[in-house]
Amino acid sequence: MSGKVCSSNSIIHARRVVDQLRVEASMERIKISLTAAELVQYCRDHRRSDPLLTGISASSNPFKDKKTCVLL
């Protein structure tokens, strides 16, 4: 009985793997050289609004401490 269950689970797993491989094979592929160029251009176009590059002003920083911590 356990041999049948194991075999059945193995078949189900194999079908899932095959289905996943079919999905991945049907995806449109884009060359890395094109994607990298688009990513660089996007970063250049949006660098002025990137808070990691320009920083966040103290007045608009939502993570700024409201009060100072005082230890007694």
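**Group meeting: a three-helix model**

R29 sits in the loop between α1 and α2. I start there, and then move outward. Keep in mind that this is a predicted model.

Is R29 buried or exposed? Its relative accessibility is 65%, so R29 counts as exposed, the cut-off being over 50%. The side chain of R29 still has a partner: it reaches the backbone oxygen of E24, at 3.0 Å.

Now the overall layout. The protein has three helices and zero strands. Going along the sequence, the pattern reads α-α-α. Helix α1 covers residues 2–26, helix α2 covers residues 32–45, and helix α3 covers residues 51–54.

How far can we trust this? The mean pLDDT of the protein is 85, and 86% of the residues reach 70 or more. Among the helices, α2 has the highest confidence, with a mean of 94. Confidence is lowest in α3, at a mean of 84.

Next, helix α1. Which two side chains meet in a salt bridge? They are D19 and R22, with a distance of 3.9 Å from N to O. A search of the whole structure finds one salt bridge. Both residues lie in α1, three residues apart, which is about one turn of the helix. In general, an α-helix has 3.6 residues a turn, so residues three or four places apart point the same way.

As for the surroundings of that pair, D19 is partly exposed, at a relative accessible area of 43%. R22 is exposed, at 57%.

On to helix α2. Do its ends lie where a helix of 14 residues should put them, or elsewhere? At 1.5 Å a residue, α2 should span 20 Å, and its end C-alpha atoms are 20 Å apart, so the two values agree. Helix α2 is also hardly covered: zero of its 14 residues count as buried.

That brings me to the whole chain. What share of the 72 residues is buried? The figure is 0%. The accessible surface of the protein comes to about 7500 Å². Carbon and sulfur atoms account for 60% of that surface.

To recap: three helices and zero strands, one salt bridge, and buried residues at 0%.

Terms used
Residues numbered from 1 in each chain as written. Predicted model: local features only at pLDDT ≥ 70, side-chain atom pairs only at ≥ 80, totals over all residues. Heavy atoms only, no water. pLDDT = per-residue confidence, 0-100. Helix = DSSP H or I, 4+ residues; strand = E, 2+ residues; numbered from the N terminus. Salt bridge = Lys/Arg side-chain N within 4 Å of Asp/Glu carboxyl O. Buried < 20%, exposed > 50% of the residue type's maximum accessible area, 1.4 Å probe, protein only. Areas by Shrake-Rupley, 256 points an atom, 1.4 Å probe, with all protein chains shown as cover. Expected span 1.5 Å × (residues − 1). Polar contact = N/O pair within 3.5 Å; in protein donor to acceptor, adjacent residues only side chain to side chain.
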